[in-house]
Amino acid sequence: MILVTGATGTIGRHLSKHLQGRGAPFKAMVRSEAKGAALGCDYRLGDFDEPTSLVAAMEGIDTLFLNSPGGEILLRHQTAAIEAARRAGVRRIVKISSRGADASSQMPIARSHGLTEKLLAEAGLSWAVLRPGTFMQNLLRNATIVRSESKIYGAYKNGRISFIDAEDIAACAAELLLSDRHEGATYTLSGPEALSFAAIAEKLSAVLGKLVTYVDLPPEQMVEVLKSNGMPPPFAEMMVRLMVVFSSGDAAHVTPAVEEISGRPARGLDVFLAENAAVFR
């Protein structure tokens, strides 16, 4: 039996469909009965902030899919989940990490994932890790400004990013959850190409039939833009720090891992934008 954490999130919803399609027995971990009912699948109640609830949710579970929101709470939440898995007798954990995960990183999200990966490797359980790059779904955050101004704002300069569709991450996760041949493996996942935001704006222009332009801003100005759009200051500052890192090309590496794991090519941005064109119109 598989337990899927983060079941209501971007990856989790796709993963549930993959597992259902393959007839795999699984349960989703949710914080409330209402969330469980909305998913339309078997579920168990559990909360990362309540360790005893995690142990109860994992009783009788063989394999855990570990995914939780980022930020400062990630390390605390995933540490609690790994400890609960040990106590409940879980045999395997498949963890969603991030590209560049490193316990000594200066980036909080990469450091938290790196520390959690280290803890997982030392937990005495079987494990596998997926390190996806930036999600294509994150581009949907630009939809409102594209609709109103036909612009995308950022601080990426000409840095290229190999965006990946969460659908591909879920397909790889399903394969790792259902196969033992990936034990102790860490895979960096990417889409099929690395693109600058200027190139993304060109692709979006072609899909929408109107000119969309990318406007590059100084980092401090970009922080203010995000805050003015309602993003909490700490998160806005973290997002812009990531933009600056990406501007140097650190997120441009393309890997073959999606096809190697799932047996199908990674989905390209053209397909994603075409499927989500209505959101930007």
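Start with the contacts of S190. Leaving aside neighbours within four places in sequence, S190 touches R99, S162, F163, I164, H253, V254, T255, V258 and A266. Keep in mind that this is a predicted model. Where does S190 sit? It is in the loop between β8, 186–189, and α8, 197–208.

Is S190 buried or exposed? Its relative accessibility is 0%, so S190 counts as buried; the cut-off is under 20%. One polar contact to look at here: the S190 side chain reaches the backbone nitrogen of T255, at 2.9 Å. T255 is also on the contact list of S190.

Now R99, another residue on that list. R99 takes us to the domains. The domain assignment gives two of them. Domain 1 runs 2–132. Domain 2 is made of 136–164, 191–253 and 268–280. By that assignment, R99 falls in domain 1.

How far apart are the domain centres? Over C-alpha atoms, 28 Å. How many residues meet across the boundary? From domain 1, 6 residues; from domain 2, 10. The two domains bury about 640 Å² between them. Carbon and sulfur atoms carry 70% of that. On the domain 1 side, R99, M107 and P108 supply 64% of the area buried against domain 2. No other three residues supply more.

What about polar links? Between the domains, 2 residue pairs are in polar contact, both at pLDDT 80 or more. The salt bridge count is 0. By class, the side of domain 1 that touches domain 2 has 3 nonpolar residues, 2 polar and 1 charged.

Last stop, D47. By the assignment, D47 also belongs to domain 1. Which elements flank D47? Its loop lies between β3, 43–45, and α3, 51–57. D47 has a relative accessible area of 17%. The cut-off for buried is under 20%, so D47 counts as buried.

What does the D47 side chain reach? One of its polar atoms lies 2.8 Å from the backbone nitrogen of D49. Beyond four places in sequence, D47 is in contact with M29, R31, S53 and L54. V30 is worth a look too. D47 and V30 are 17 residues apart in sequence, and 7.2 Å apart in space, C-alpha to C-alpha.

To recap the two loop residues. S190 is buried, at 0%, with its side chain 2.9 Å from the backbone nitrogen of T255. D47 is buried, at 17%, with a side-chain polar atom 2.8 Å from the backbone nitrogen of D49.

Key
Residues are numbered from 1 along each chain as its sequence is written. Side-chain values use heavy atoms; hydrogens and water are left out. Domain bounds come from an automatic or database domain assignment. Contact means heavy atoms within 4.5 Å. Buried area is the accessible area (1.4 Å probe) that two parts lose on being put together, summed over both. A salt bridge is a side-chain nitrogen of Lys or Arg within 4 Å of a carboxyl oxygen of Asp or Glu. A polar contact is a pair of N or O atoms within 3.5 Å; within protein, one must be able to donate a hydrogen and the other to accept it, and residues adjacent in sequence count only if both atoms are side-chain atoms. Ala, Val, Leu, Ile, Met, Phe, Trp, Tyr, Cys and Pro count as nonpolar, Asp, Glu, Lys and Arg as charged, and the others, Gly among them, as polar. Helices (H or I, at least four residues) and strands (E, at least two) are DSSP runs, numbered from the N terminus. Buried means under 20% relative accessible area, exposed over 50%, partly exposed in between (1.4 Å probe, protein chains only).
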